[in-house]
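Student: I have a model open and want to go through its helices, its sheet and its cysteines. Can we take it piece by piece?

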Amino acid sequence: MRRIALLDAPSNLGLRPPTPTSTPGCAKAPGALRDHGLLGRLVARDAGCLTPPRYDPGDWRPGDGVCHADAIAAYSVALAGRIGAIIDADEFPVVLGGDCSILLGSALAMHRLGEAVGGRIGLVFVDGHSDFRHPGNASYVGAAAGEDLALATGRGQADLAAIEGRRPYFRDIDVVVLGIRAQDEYRLDLQAAGILTRPVPALRAEGAARSAQWARDQLADCAGYWVHVDVDVLDPAVMPAVDAPDPGGIAFTELELLIAGLVDTPHCLGIELTVFDPDYDPDGTYAAEIVSSLVAGLAPIRAAASASTRSPLAFTQRRRPAPDADRFRPPLTAVPDEPETPAEPAVEPAPALTPEVAVTPPPAVTAAKAEPPAKAEPPAKAEPPAKAVTPEPAVAEAEVPAEVAAAEVEPQPPADSATTERKKPTIGRQRRSAFDVISGDAEPGRKRRSAADILAAPLGGDTAGPGRLRRATDGEAIATDVRPGGLRRQSPGDDGDGVARPGGLRRRVEPDAGDAEPLDPRPGGLRRNASPDNGDDDARPGGLRRSGAAPDEPPVVDEA
């Protein structure tokens with residue numbers, strides 16, 4: 001991918017003077033942006049500065065045509081040559097204006113490039129104004145910075161619109177305008193010319209990234225395109241340091257997304273930034289914002305350039321094996337693939353395999369018998385001689401030397417019992433249940449009793465306590481157990497009335513001194529009056545009264 005080349009084009013020839021005795025300050029913009037580290041943050045090559053002619057309107061009057069026309073034309077030719085050289089070097093030009101009249105130099109370079117490659121070059125025009133004033137829709141012209149798009153599309157005086165006989169520099173169908181205000185003065189002229197536009201309301205509705213992709217899609221038939229960015233596309237609330245602020249612009253974040261979406265393709269040939277005026281930015285705040293936005297927007301170019309600068313040779317060498325590969329091979333005791341491995345002369349054979357053994361043991365026995373002597377020597381030194389011994393077959397197992405057999409069956413020394421006991425984990429330890437904790441049982445292995453075990457167990461004994469009941473035994477007298485409400489359990493031999501209640505309970509009734517007749521308890525201590533009544537006023541419906549009242553009056557007969 002291409003590396004960024006930063007070129008200064010500090011021309012202010014396309015603007016009217018702010019006052020009769022001053023000059024436009026946008027010529028200071030490249031220096032102000034560089035002061036905030038733009039070159040280093042872009043990791044760009046410094047392509048220098050193309051110094052413009054002196055700003056001198058002289059005796060220009062409205063109706064005289066475009067002011068500084070000859071100087072602008074000459075500067076455009078020189079600027080086109082510098083941009084073309086950067087592109088020919090396979091670099092990505094970033095041109096710092098200056099006013100919008102530098103578009104004529106970029107347009108001339110793109111027309112030259114299109115002619116060289118045999119294709120059309122398009123233009124993405126990101127500006128807060130259409131800059132489409134020309135003699136066909138205005139009474140007079142004068143400032144090229146307000147007419148640059150009209151001149152670039154072949155409208156206007158020939159000394160600017162047809163430099164080198166190239167007219168137009170961009171065809172109308174190859175131009176996309178982004179960011180103009182919805183009330184732009186020449187928006188209808190753009191539509192009539194067939195130039196595609198997306199004003200700020202539509203740009204925000206679709207989103208900056210989608211708008212950038214939409215612009216790229218419109219220029220799909222072109223061999224490439226150039227990007228023009230006028231910072232007055234930003235709203236004056238965030239960027240007032242321009243010559244003609246107009247409300248209703250976009251934000252810095254949207255500008256970053258637009259730039260990033262437009263340059264993230266090889267078809268983008270370069271970008272220019274115009275109209276920032278440091279005279280309205282005395283403390284450099286807005287210059288720093290522009291630098292940050294430009295660095296963020298050009299991040300795709302920087303990322304691609306850093307990826308392409310990685311040396312492919314270094315990557316290839318990293319995967320290529322070294323000439324002397326054996327130096328990096330890990331140390332091995334034996335290498336099977338190498339047939340010629342010289343034996344180390346300093347290594348002595350193991351003692352167990354000395355020539356005093358008369359008969360060579362069989363293969364299976366030799367491998368087993370050679371291990372104990374090999375352990376007595378260093379492992380790396382003893383293994384090669386042991387493998388080099390070639391046993392002979394057909395040897396009886398009974399002929400193995402006694403000392404070798406004794407070494408084979410010699411038991412291993414027992415391990416330290418104290419160490420073993422200390423390291424042996426405790427097995428079988430049981431956790432105490434909640435039942436054990438509550439009952440105070442210190443025995444950890446006690447079996448936990450279930451509810452069924454508790455109910456099935458005999459309930460006897462004199463132990464009393466919460467939740468411990470006992471069952472009455474035969475022949476045991478049950479003491480009167482008065483409960484709330486005057487109820488008790490009926491016991492055998494009780495001489496009370498025989499009226500039973502559910503559960504064998506009845507209400508305890510105290511004997512009535514004035515009533516010798518049998519009691520017929522009712523709920524609430526009521527009974528039917530069966531004796532003559534003396535007019536007791538405590539009568540109840542149904543001829544009932546409370547127990548204990550004297551019957552002084554005749555009984556009340558219930559006719560029903």
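Student: Which residue follows helix 4, and what is the sign of its phi?
Tutor: Helices here are DSSP runs of H or I with at least four residues, strands are runs of E with at least two, and both are numbered from the N terminus. This is a predicted model, in which local features need pLDDT of at least 70, side-chain atom pairs count only at pLDDT 80 or more, and totals for chains, interfaces and linings use all residues. Residues are numbered from 1 along each chain as its sequence is written, and side-chain values use heavy atoms, with hydrogens and water left out. The residue after helix 4 is G118, and its phi, near 75°, is positive.

Student: What end-to-end distance does helix 4 have, and what span should it have?
Tutor: The expected span is 1.5 Å times one less than the number of residues. Helix 4 covers residues 103-117, which is 15 residues, so it should span 21 Å. The distance between its end C-alpha atoms agrees: 21 Å.

Student: Which elements do the buried residues of helix 4 pack against?
Tutor: Buried means under 20% relative accessible area, exposed over 50%, and partly exposed in between, with a 1.4 Å probe and protein chains only. The buried residues of helix 4 include L103, L104, M110 and L113. Contact means heavy atoms within 4.5 Å. The packing partners are helix 3, strand 4 (121-126), helix 5 (148-152), helix 6 (158-161), strand 7 and strand 8 (268-274).

Student: What is the strand order of the open sheet?
Tutor: Two strands pair if DSSP finds at least two bridges between them. The open sheet has 8 strands with parallel pairing, in the order 2-1-3-8-7-4-5-6. Strand 2 (45-49) and strand 6 (196-198) are the edges, each pairing on one side only.

Student: Which residue in strand 6 stands opposite L178?
Tutor: Strand 5 (residues 175-178) runs parallel to strand 6, joined by 3 bridges. Opposite L178 stands R198.

Student: How many bridges join strand 7 to strand 8?
Tutor: Strand 7 also pairs with strand 4, in parallel, through 6 bridges. There, L123 stands opposite W226. Toward strand 8, D230 faces T274. The parallel pairing of strand 7 with strand 8 has a bridge count of 6.

Student: How many residues of strand 7 are buried?
Tutor: Both faces are covered. One side carries G224, W226, H228 and D230, the other Y225, V227 and V229, and all are buried. The count is 7 of 7.

Student: Why does Y225 count as buried?
Tutor: Y225 lies in strand 7 (residues 224-230). Not counting residues up to four places away in sequence, Y225 touches I121, L123, L262 and C268, among others. Y225 counts as buried because its relative accessibility is 3%.

Student: What handedness does the β-α-β unit with helix 10 have?
Tutor: A crossover is right-handed if, with the strands pointing away from the viewer, the path from the first strand over the helix to the second runs clockwise. The unit consists of strand 7, helix 10 (residues 252-263) and strand 8, and is right-handed.

Student: Is A78 buried, partly exposed or exposed?
Tutor: A78 sits in helix 3 (residues 69-88). Its relative accessibility is 34%, so A78 is partly exposed.

Student: How many disulfides are there?
Tutor: A disulfide is taken as a pair of cysteine sulfur atoms within 2.5 Å. C67 is buried at 10% relative accessible area, and C268 is buried at 0%. The disulfide count is 0.
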